[in-house]
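Got the model open in your viewer? Let's walk through it one selection at a time.

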There are 2 protein chains.
Amino acid sequence: MHTVLKWFARHRSTILYTVLLAILLFLIRWLELRFIVLNYALEFYIGGVAILFTALGIWLALKLSRPKINTVVVEKEIYLHRSPEFTINEKELEKTGLSSRELEVLQLMAEGLSNQEIAAKLFVSLSTIKTHSSKVLEKMDVRRRTQAIDKAKKLNIIP
Amino acid sequence: MHTVLKWFARHRSTILYTVLLAILLFLIRWLELRFIVLNYALEFYIGGVAILFTALGIWLALKLSRPKINTVVVEKEIYLHRSPEFTINEKELEKTGLSSRELEVLQLMAEGLSNQEIAAKLFVSLSTIKTHSSKVLEKMDVRRRTQAIDKAKKLNIIP
DNA sequence: CTCAAAATCAGTCTTTAGTATGAGCGAAAA
DNA sequence: TTTTCGCTCATACTAAAGACTGATTTTGAG
């Protein structure tokens, strides 16, 4: 029952158009009879249909065309201060989306360990640490581990 | 003569549509005769016209309507820092034996810059920065720049 | 002026970092 | 139950860092 409603919601435009078409076809049929019975000029009838469907097409296009998205970047300044007693900034940590393992790797990075050394310390392969470190860089939106360390320290994600 | 051309340019779409309509009316007239003569079903003819003009309407709307623009505001966060009480530890700095240029390079390293970026910032070649960075690592008795940064921060040589 | 240290640059080579892609597995969520 | 996600690992590749050698030019203290 739930899915049926969703389906209707998703295809609302299509359904609307189909129903409209059906109504129009009935209208056409009715008009046709009238015109034929009254022996009016066929051109008027055709012209009417043409105008009607042109309007319908315009309406459809305007309804369905997706708007262009114009992105405006606004810079927002955030002031942080580092205190001697380190308390982890949970909010900033969550914003990065780092997993616990990735945070662990980041911390060891900040201590100056190489990937190989981190791998040895955590008893995993070098490949694993490379994957983690790549994820860390990606999630922190930086290109080098030194940048990641700098940013993490400024955000109070690591001591 | 000049203004006439401009007028044409400005109303190009309208003119195009008008001409198209005229052509279509001729087509309709011709089709009409054919269909009537051949006694085809009128519904097919009407349907064709409807589809044609719906398409025309859609095309027209897309051509002539100015695009909808949705402005999306994206906030970009910039982190600024107040580190009120950083005082460089001169004694530790002297112990390392770092020259002023080497310290400069070390500071830029700590900000996450690559050697190439540091070279660009200081208007010297990559080779020079490599030499400096090697000297820094040697004088600080470490093997990686991340270690040098960590150590320098702990010794209060850099903020 | 002279000399040593600092700063500059180049070339070659090895190591480490980082990217891209794919895949297997297990736990938790939908 | 299927999907999703975190963790693991691998291969192949490119980019960057670092080591080593050797060189020229600047510069500042004696």
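Start by selecting B:Arg101 together with DNA strand C: a polar side-chain atom of B:Arg101 sits 3.0 Å from a phosphate oxygen of that strand. Keep in mind that you're looking at a predicted model.

Stay with strand C and pick B:Thr128 next. An N or O atom in the side chain of B:Thr128 is 2.7 Å from a phosphate oxygen of DNA strand C. Now hop over to A:Arg145, where the backbone does the job: one of the N or O atoms of its backbone lies 2.6 Å from a phosphate oxygen of DNA strand C.

Time to widen the selection to everything within 4 Å of DNA strand C. You should get 18 residues, with A:Lys130, A:Arg145, B:Ser99, B:Ser125 and B:Thr128 as the closest. On the DNA side, sugar and phosphate make up 68% of the strand C atoms that come within 4 Å of the protein. Colour the protein side by class and you'll find 10 polar, 6 charged and 2 nonpolar residues.

Which helices each supply at least two residues of this surface? They are α7 of chain A plus α5 and α7 of chain B. The largest share belongs to α7(B), with 4 residues.

Next stop: DNA strand D. Select its surroundings and 17 residues light up, the closest being A:Ser99, A:Ser125, A:Thr128, A:His132 and B:Arg145. Here sugar and phosphate account for 67% of the strand D atoms within 4 Å of the protein. The class split is 10 polar, 5 charged and 2 nonpolar.

Zoom in on three contacts to the phosphates of strand D:

- A:His132: an N or O atom of its side chain is 2.7 Å from a phosphate oxygen of DNA strand D.
- A:Ser125: this time a polar backbone atom is involved, 2.8 Å from a phosphate oxygen of DNA strand D.
- A:Arg101: a polar side-chain atom lies 2.9 Å from a phosphate oxygen of DNA strand D.

Switch to cartoon for the helices. In chain A, α5 (100-110) and α7 (126-139) each give at least two residues to the surface near strand D, and so does α7 (126-140) of chain B. Which of them gives the most? That's α7(A), with 4 residues.

Now leave the DNA and look at how helices pack in chain B. Select α5(B) and α7(B): their axes are 9 Å apart and the packing angle is about 95 degrees. That value makes the two helices, α5(B) and α7(B), roughly perpendicular. To see the contact, show B:Arg101, B:Glu102, B:Val105, B:Leu106 and B:Met109 from α5(B), facing B:Ile129, B:His132, B:Ser133, B:Lys135, B:Val136, B:Lys139 and B:Met140 from α7(B). By class that's 6 nonpolar, 4 charged and 2 polar residues.

Keep α5(B) and swap its partner for α6(B), residues 115-122. The axes of α5(B) and α6(B) come within 10 Å and cross at roughly 125 degrees, so α5(B) and α6(B) are oblique to each other. Their crossing is right-handed.

For the last selection, show the residues that make this contact: B:Arg101, B:Glu104, B:Val105, B:Leu108 and B:Met109 from α5(B), with B:Ile118, B:Lys121 and B:Leu122 from α6(B). The contact of α5(B) with α6(B) has 5 nonpolar and 3 charged residues, and no polar ones. Your starting residue is back on screen: B:Arg101 belongs to this contact, and its side chain also has the polar atom 3.0 Å from a phosphate oxygen of DNA strand C.

Definitions and conventions: Residues numbered from 1 in each chain as written. Chains lettered and ligands numbered in written order. Predicted model: local features only at pLDDT ≥ 70, side-chain atom pairs only at ≥ 80, totals over all residues. Heavy atoms only, no water. Polar contact = N/O pair within 3.5 Å; in protein donor to acceptor, adjacent residues only side chain to side chain. Nonpolar A, V, L, I, M, F, W, Y, C, P; charged D, E, K, R; others polar. Axes fitted to C-alpha atoms, helices over the stretch in contact; angles between N-to-C directions. Parallel < 35°, antiparallel > 145°, perpendicular 65-115°, else oblique. Left-handed = near helix turned anticlockwise from the far one by under 90°. Contact = heavy atoms within 4.5 Å.
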